[in-house]
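Please open the structure in your viewer and keep the selection panel at hand. The tour proceeds stop by stop, with a selection to make at each.

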Protein chains: 4
Amino acid sequence: MNAETKHPREESAKARLDRMPSIRTGDDYVDSLRNRGVTVYLFGETVAEPVDNPMIRPSINALKATYDLAISDPDLATAHSPIIDAPVNRFLHIPTSSEDLVTKNRMQRRMGQITGTCFQRCAGLDTVSVLHSITYDIDQKHGTAYHRRFLDFLAAAQRANIIIGAGMTDPKGDRSKRPHEQADPDMFLHVTRRTERGIYVTGAKAHMTGGLNSHWIAVMPTMNLGEEDSDYAVVGLVPGDAEGISYIYGRQSCDARAFEAGEIDKGNARFGGQETLTVFDDVFIPWEHVLMDGEYEFAQEMVSRFTAYHRASYVCKTGLGDVMVGAAAAIAEMNGAEKASHIKDKLVEMVHLNETIFSSGIASSHEAKPLPSGAWMNDSMLSNVCKHNVTRFPYEISRMAQDIAGGIVVTLPSEADFEHEIAGPILKKYMKGKDDIPVEHRQRMLRLIENMTLGRNAVGYLTESLHGAGSPQAQRIQIARQMDAEGKKKLARDLAGIRD
Amino acid sequence: MNAETKHPREESAKARLDRMPSIRTGDDYVDSLRNRGVTVYLFGETVAEPVDNPMIRPSINALKATYDLAISDPDLATAHSPIIDAPVNRFLHIPTSSEDLVTKNRMQRRMGQITGTCFQRCAGLDTVSVLHSITYDIDQKHGTAYHRRFLDFLAAAQRANIIIGAGMTDPKGDRSKRPHEQADPDMFLHVTRRTERGIYVTGAKAHMTGGLNSHWIAVMPTMNLGEEDSDYAVVGLVPGDAEGISYIYGRQSCDARAFEAGEIDKGNARFGGQETLTVFDDVFIPWEHVLMDGEYEFAQEMVSRFTAYHRASYVCKTGLGDVMVGAAAAIAEMNGAEKASHIKDKLVEMVHLNETIFSSGIASSHEAKPLPSGAWMNDSMLSNVCKHNVTRFPYEISRMAQDIAGGIVVTLPSEADFEHEIAGPILKKYMKGKDDIPVEHRQRMLRLIENMTLGRNAVGYLTESLHGAGSPQAQRIQIARQMDAEGKKKLARDLAGIRD
Amino acid sequence: MNAETKHPREESAKARLDRMPSIRTGDDYVDSLRNRGVTVYLFGETVAEPVDNPMIRPSINALKATYDLAISDPDLATAHSPIIDAPVNRFLHIPTSSEDLVTKNRMQRRMGQITGTCFQRCAGLDTVSVLHSITYDIDQKHGTAYHRRFLDFLAAAQRANIIIGAGMTDPKGDRSKRPHEQADPDMFLHVTRRTERGIYVTGAKAHMTGGLNSHWIAVMPTMNLGEEDSDYAVVGLVPGDAEGISYIYGRQSCDARAFEAGEIDKGNARFGGQETLTVFDDVFIPWEHVLMDGEYEFAQEMVSRFTAYHRASYVCKTGLGDVMVGAAAAIAEMNGAEKASHIKDKLVEMVHLNETIFSSGIASSHEAKPLPSGAWMNDSMLSNVCKHNVTRFPYEISRMAQDIAGGIVVTLPSEADFEHEIAGPILKKYMKGKDDIPVEHRQRMLRLIENMTLGRNAVGYLTESLHGAGSPQAQRIQIARQMDAEGKKKLARDLAGIRD
Amino acid sequence: MNAETKHPREESAKARLDRMPSIRTGDDYVDSLRNRGVTVYLFGETVAEPVDNPMIRPSINALKATYDLAISDPDLATAHSPIIDAPVNRFLHIPTSSEDLVTKNRMQRRMGQITGTCFQRCAGLDTVSVLHSITYDIDQKHGTAYHRRFLDFLAAAQRANIIIGAGMTDPKGDRSKRPHEQADPDMFLHVTRRTERGIYVTGAKAHMTGGLNSHWIAVMPTMNLGEEDSDYAVVGLVPGDAEGISYIYGRQSCDARAFEAGEIDKGNARFGGQETLTVFDDVFIPWEHVLMDGEYEFAQEMVSRFTAYHRASYVCKTGLGDVMVGAAAAIAEMNGAEKASHIKDKLVEMVHLNETIFSSGIASSHEAKPLPSGAWMNDSMLSNVCKHNVTRFPYEISRMAQDIAGGIVVTLPSEADFEHEIAGPILKKYMKGKDDIPVEHRQRMLRLIENMTLGRNAVGYLTESLHGAGSPQAQRIQIARQMDAEGKKKLARDLAGIRD
């Protein structure tokens, strides 16, 4: 089977998606990822079948859970799509009310609770949400057909129930230079040539969470662009297994435990996040899948809308926060320390911080407003405030969880030692806490806390909380832009009795 | 005119209120407070006419602004009351939807922006909101007629457009003892005797903000009560000028500046908060105005509902926070320091903290649920989270405002010195900042910052933010009660692979 | 008596000081301030005798305590001066060892404990400490005689046991302009003319704490200077009552309570800080008292050394912190809440923060190094770290003290109401906490907490902690300068295995 | 060779140590660890030769560096021991002055800078420091010969220049029970029988850092003991390879990277910390090596003195903090972001926090006092304050380092991918930052930051900072004990004018 046969280059998304077996369950989803023939590099080798790779699989499981939740809790995880007039997975639903956004936040928290990691599907949802309005706006100005193309694609995607990944973050090279000024023009993804049938793009998207586990990827600009950057002003829809795409898997703390025997030391054996560097080497995109090409003046607004959505999506971390609180409460009990007033006080503080994050997400959704296309968008100030709290509080929550867990969280011997003929019984003797608690439970709970504060899912709970959807300074810039200093100065002047 | 003539003891609220000239404007309100003959102690003397007292007047002005806002911005500050089927001031409106609560929060923020202080009307609103549902619930259990009495009163109050004050916080005496165990039975307000016509109560309510400026006061229990405390389980409606009530005015930082000539040093000359110790000495309440008498088992729920409403009401402090941000931005500009990156960064941080508070208030209102009576109540967890943030962030915002203002905020000579023949010109010479800024503007802005961080309105912005609606520990207790540790432990056990 | 007779313009400090009755006790000090004929503006009037002014006197009392401590605890508050080979008040002693600086810190903490306010004598001590080394260094370069002049002055000052005030902070005008660029040349104090007998200076020094209560004032530059600013590069010694000097008193929060009857509401009736704008209108300084004149290149180093000393002097605030902790512990006890775990925990946190400040002061002194003149100077990095902690922790300590105190700290009626025939007994009844605690004790403790968190001494404990010896950003600049980023990068490169 | 031959059970430390080849260099040290025949469990297997194990070796290297530093910087890392009247490695020197303790702190910081991890030798030093005074005090009371035995041992240890490990932390079992109440008596190490020749002990010591890499281990109680716990009141000196001792290696985050090819992904390839569970199964200790046996009343004081020393020893983390600052500054530069004001500001904050920790360590040492034996001990309040800051600031510093590093710190592909024929060039293209910086440098610096914030040395920099030498609450208890609330209340009462 050659690549051309595999992905007829000009086949429309609709045609391609209609050919796909429809995905309903999580298992369907996993099956849909098999035999795609994607090129994935991991530890210096290409991965034969990502679905079966022990390090990659937990990240697939996390996405799988988004399908299963839609079945087990359809009120939460599905929505009626006006586009196809049918229920769809909420991760494919364009929000058309403030309540839609609030429910999305609840679903995100619930997914965080279920997986304890980044489930990688928010960026795609936030991308299609933005594309709905931005293609509409571009069409209004330029008379283009982007919005119709977008709706066609989305309708097919909703019917096929696929995963859409977001390709946004370019490597950026020298940060003091604009895209067209870079020594290497590929440091930002750009159009290299245009033909009658479509465009070709080259570049890379870094830190992609869902990419490898997605059926389609939407590439889009990562920052504001000027006229000279117009080849960088490109939005396109690409199958994840398109010719020219390759994935290089990012390392995570403790990632290699995935290859060890036993499940305890993994901490969270079922679920994990991931990031890849996704490389686009002269990838073809037929016109039908091009949603922006050169309209550079919309890049900034697009990014700004994306962050308005996506910074509120970080409310998902409150689901992980719930797990942290639960793990801390559980280990305190296993240690026999749950009645100590300082332990109870720390748990309260953890909850307080976690709910503060939740508040800013919910408030941002509640304060949403409609855009001309009919899509609703989060309040940008509060969305930035939400994300900014996310850059701080999980670290504090994590520290308190380690505090409550005790030093043993980082000195516990390996699962294999617990199984060893001689060392095992010694460990089971000395690692006992309260009488009625099996040592293995304590082991597992400690490993979960390690996993989320230092290990693989600490990447998702901590560092991604810091940098995902923009680093802290990016939020501060947005807050500064929207703070209405003049209006506030006027309030102060009025009260101070200053009449101008 | 003797007291008996003045307040016919059994006259119903309806009759009494119907006799009142209807209040429409802020000026009407001020007029309505004149000649009430209330007993007010201040600096060791009784105050002849509180309305004309320079220290008391700013607190009246703050309440006055609630009337004026209803006229200038009726969408925000009025609501359609189903009780009288007419528009009413929103401070008298029982919330019947989540949106009602959100709009209330917005109105509170706006009032904070307008007055820069505590405008004292929230506790009364939150009290009637609670009474709506709690009287309903008591009636359901005991077959009493409290809810009907309450609705009659509220209808009359809405028509007359009066201020209702909340009398909740008893002095408490020895905090390790319950009400009936106190050496002095009056440390909590209680029924001393019952007659055919009504009840008599004795006790005091501390820290009352609106009391003195209210037309009617609702007294209610301040904590959970047991069977032996049943005489303390009393809710009653009393005119603010009822026989037996007296007010002792609390001191505030810099309060006496109100008596100085000039307005600059007052910082915020027009508006101020207040607190009084309100003393009830054998005050008669006719049965028609009694809304609880002995149903002690409802005390805790009543307090808990009150805090669910009232802790979200502290979102008002974001209005004061807006003023602080504005004042800091303004003084930075006057000092010529507005372009310094650390100044801009501090302003962003102030806004971030302020909007975080706003978020938790809005989220708490958004997550409101209806009670059996039809009134809607804030989500209690998020309301506590809101208030808990209020106990922290205003202090931080205030510190940053002082940082930006410079040391001159506490070393600026008096307004009188600026007027002095010799000292005045010297001060005007040396206190000059940027060329085009009148020195007086700088003076005024510094005094406003002093006012809100150390002076009279620092009481409202800081200490009241700490203790109003319950001290920090009270919120932590509520958060602990509602944190669902068991549910969260289950999440952690599931992820850790612990099967019970 | 005309001014010329009063202060023979060219009389040497030695002659003048030798004529003074020697000051030994605090009472001597107070007497020494009488009849100086200084011009002081306060509330739009000139003050006849500052010593007897109720608002000014508490600030004099604070300085008085530095004399009394030298008598009651000579090990702490005196030192052997090699300059006059005799014991001197430690506030006049040039530190010649690390231990001298540590003992100075201890004395400062003790003074803070005794007075609960700014005792205003540190800036003068830190000024003479700097002058010792900087005059030496200038002489080495320029062959001037400043160091000898300085030693003569200091010897006389030590013998007479006087207060020396520091005149540093110029008003600065437009902060974006250098001294010689200002529209008004007087925005920085400068030499206006030079004669055979001396120089004349004009300008003002803002925020002076000790100034008015000092016998002599040392004026010096407040920032780095360039060649065109050389007239601003002036250090001179001036009697506090010199012709041409006037003082305009700065307002403080609650300052006017000093004029009220009763002592309770003052919070801390005996002690207070102060700040004045000190104006120099063509003030003559004979050459013998000039210690810098035009050597602009030493200005920056002088300021830098001053801050190295003075930022560690802010360890005094730990003495005030001790009072805050004690007041919080005392009020908790009076409220019957001292056993609550959250109260105990807050007290621990207050102590922890307070001792952290103390640590950085002590460490800075311990790490002191000698300068060429033989004077020892604090480690500048740690001194800046000390002050930077002082800009944060007192605010946090203050917030916790208010938390523990309860809302009554800002709603307590006036002392006069407690004395009122009717209101008094009511207040005594309802303001009672634990049975065995007199209500007046509770009143006094609450007023002390108000005084230090919102009132007059909050200026000293909070805002002065923020801005005194340089605002937070000034410390950050110093820390940036001294952080040795290159050395630290090398450490990281070595560990990362980067070989250049 | 049987065990009896290997370690003649009654051979004195002196005899045994005198037989050892003297250790001078780091290489000597590594050699001295070979062929000891210790039982070590790791990943379910016994380790043939720990010295050659890739996971264990970095922890040995860290200790090795303590020998090398003594040669390269003898002023810092050696001291003159009065016990053998010769220079010794400072890690074996009993401090006999405040300066000794300060220099020890400096050495600890330097070691942290050199290794970027826990170098494991402080606990042993702090143990011998305590034993010096506590054996002296026991002898004074009981007429025992512990102090002489101790000095004999230490003299031999100093001559042989060995590593002494501290065995303190018992597993503790059910934390609500005392040692003698535990279901399993071995949950605390205890004497099982006594013979004419010595005692036998059984139990385990958890979280031992230096244990496996030590020549001798001092076991001692971990908490206060009562009379019924007297068999637990045991201090003994045991060779690390004594019969009956086994070690079970604790897992650390990313530990298995030690077994991967390449050095880059290890982050810090040379140095690492470690912890073992050290098991004592009927281990014989001849009387000559017993330093406490049943004097239970000294257990609490012993622990308290140990923490006074050891909590100040955590100043070592400022050395790691220096590395973090350096790494953050370096990566900012490599990213081309070093000029951004928010980056510079974060670096300043990191330094400020780091130096604050340093201050409290230095101050604690400066304030040291002598004990009856002549050993000097850190000020306990400040030592606890030091450690308490260590439980907080490294987490904050670490968060800021990740902030500055960018998200790439957790998404960077593996070293093997950088070496891959196809993926390698792609990575080198897209991972380029500033032009003149080799991609490998960026890779290495990111891995170092990962290592210290999430990876193997995050255990040492973060979690060990939290729990080592006692968890946060342990410090709070000590601070509470030493805060002198009564003295502070008196200060407040005096200022408030309360006369008792």
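Select helix H3 of chain D, residues 26-33, in this predicted model. Its buried residues are D:Gly26, D:Tyr29, D:Val30, D:Ser32 and D:Leu33. Turn the view until you look down the axis of H3(D): the buried residues fall within an arc of 160°, so they line one face of the helix. As background, an α-helix has 3.6 residues a turn, so residues three or four places apart point the same way. Now add helix H4 of chain D, residues 57-72, which is part of what covers the buried residues of H3(D).

Both ends of H3(D) deserve a look. At the N-terminal end, select D:Thr25, which caps the helix. One of the side-chain oxygens of D:Thr25 lies 3.2 Å from the backbone nitrogen of D:Asp27. After the helix comes D:Asn35, with a positive phi near 60°.

Move next to chain C and select helix H4, residues 57-72, where C:Ile71 is found. Is C:Ile71 buried or partly exposed? Its relative accessibility is 40%, so C:Ile71 counts as partly exposed. Beyond its neighbours within four places in sequence, C:Ile71 is in contact with C:Arg24 and C:Thr25. For a sense of scale, draw a distance from C:Ile71 to C:Ala368: the two C-alpha atoms are 28 Å apart in space, and the residues are 297 apart in sequence.

Staying in chain C, select helix H9, residues 299-313, and within it C:Arg305. This arginine is buried, with a relative accessible area of 6%. Display the surroundings of C:Arg305, leaving out residues up to four places away in sequence: C:Val130, C:Ser133, C:Ile134 and C:Asp137 touch it, as do C:Leu371 and C:Met377.

The next stop is in chain A. Select helix H6, residues 98-115, and centre on A:Ser98. At 12% relative accessibility, A:Ser98 counts as buried. What does the side chain of A:Ser98 reach? It reaches the backbone oxygen of A:Ser365, at 3.2 Å. Apart from neighbours within four places in sequence, the contacts of A:Ser98 are A:Ser365, A:His366, A:Ala368 and A:Trp376.

Now colour residues 25-292 of chain A. An unreviewed UniProt entry annotates this span as "domain: HpaB/PvcC/4-BUDH N-terminal". Helix makes up 31% of the span and strand 24%, and its end C-alpha atoms lie 33 Å apart.

Then select A:Thr209, which the UniProt annotation "binding site" covers, again from an unreviewed entry. A:Thr209 sits in the loop between strand E7 (198-208) and strand E8 (216-219) of chain A. With a relative accessible area of 15%, A:Thr209 is buried. Residues up to four places away in sequence aside, A:Thr209 touches A:Cys118, A:Gln120, A:Gln274, A:Glu275 and A:Glu464.

Next, show the nonpolar cores. In general, nonpolar side chains in soluble globular proteins tend to be buried together. The largest nonpolar core here has 266 residues. Which of its residues touch the most other members? They are A:Met350, A:Met445, D:Met350 and D:Met445. Apart from this core lies another, of 263 residues, which includes B:Val351, C:Ala157, C:Leu277 and C:Val351. Return to D:Met350 and show its contacts beyond four places in sequence: D:Met324, D:Val325, D:Ala328, D:Ile397, D:Met400, D:Ala401 and D:Ile404.

Finally, display whole chains and compare copies. Chain C can be laid on chain D by a turn of 180° with a shift of 0.0 Å along the axis, giving an RMSD of 0.0 Å. The two copies are therefore related as by a two-fold rotation axis. To locate that axis, select C:Ala363, whose C-alpha is 2.4 Å from it; among the residues of chain C, C:Ala363 comes closest. The same surface serves both copies, since 98% of the contact residues of chain C recur in chain D.

Repeat the exercise with chains A and D: a rotation of 180° and 0.0 Å of shift along its axis superposes chain A on chain D, with an RMSD of 0.0 Å. Of the interface residues of chain A, 100% are also interface residues in chain D, so the copies meet through the same surface.

Terms used. Residues are numbered from 1 along each chain as its sequence is written. Chains are lettered from A and ligands numbered from 1 in the order in which they are written. This is a predicted model: local features need pLDDT of at least 70, side-chain atom pairs count only at pLDDT 80 or more; totals for chains, interfaces and linings use all residues. Side-chain values use heavy atoms; hydrogens and water are left out. A nonpolar core is a set of buried Ala, Val, Leu, Ile, Met, Phe, Trp, Tyr and Cys residues joined through side-chain atoms within 4.5 Å. Buried means under 20% relative accessible area, exposed over 50%, partly exposed in between (1.4 Å probe, protein chains only). Contact means heavy atoms within 4.5 Å. Copies are superposed by least squares on the C-alpha atoms of residues with pLDDT of at least 70 in both. UniProt positions are given in the numbering used here, feature names are shortened, and annotations may be inferred rather than shown by experiment. Helices (H or I, at least four residues) and strands (E, at least two) are DSSP runs, numbered from the N terminus. The arc is that of the directions from the helix axis to the C-beta atoms. A polar contact is a pair of N or O atoms within 3.5 Å; within protein, one must be able to donate a hydrogen and the other to accept it, and residues adjacent in sequence count only if both atoms are side-chain atoms.
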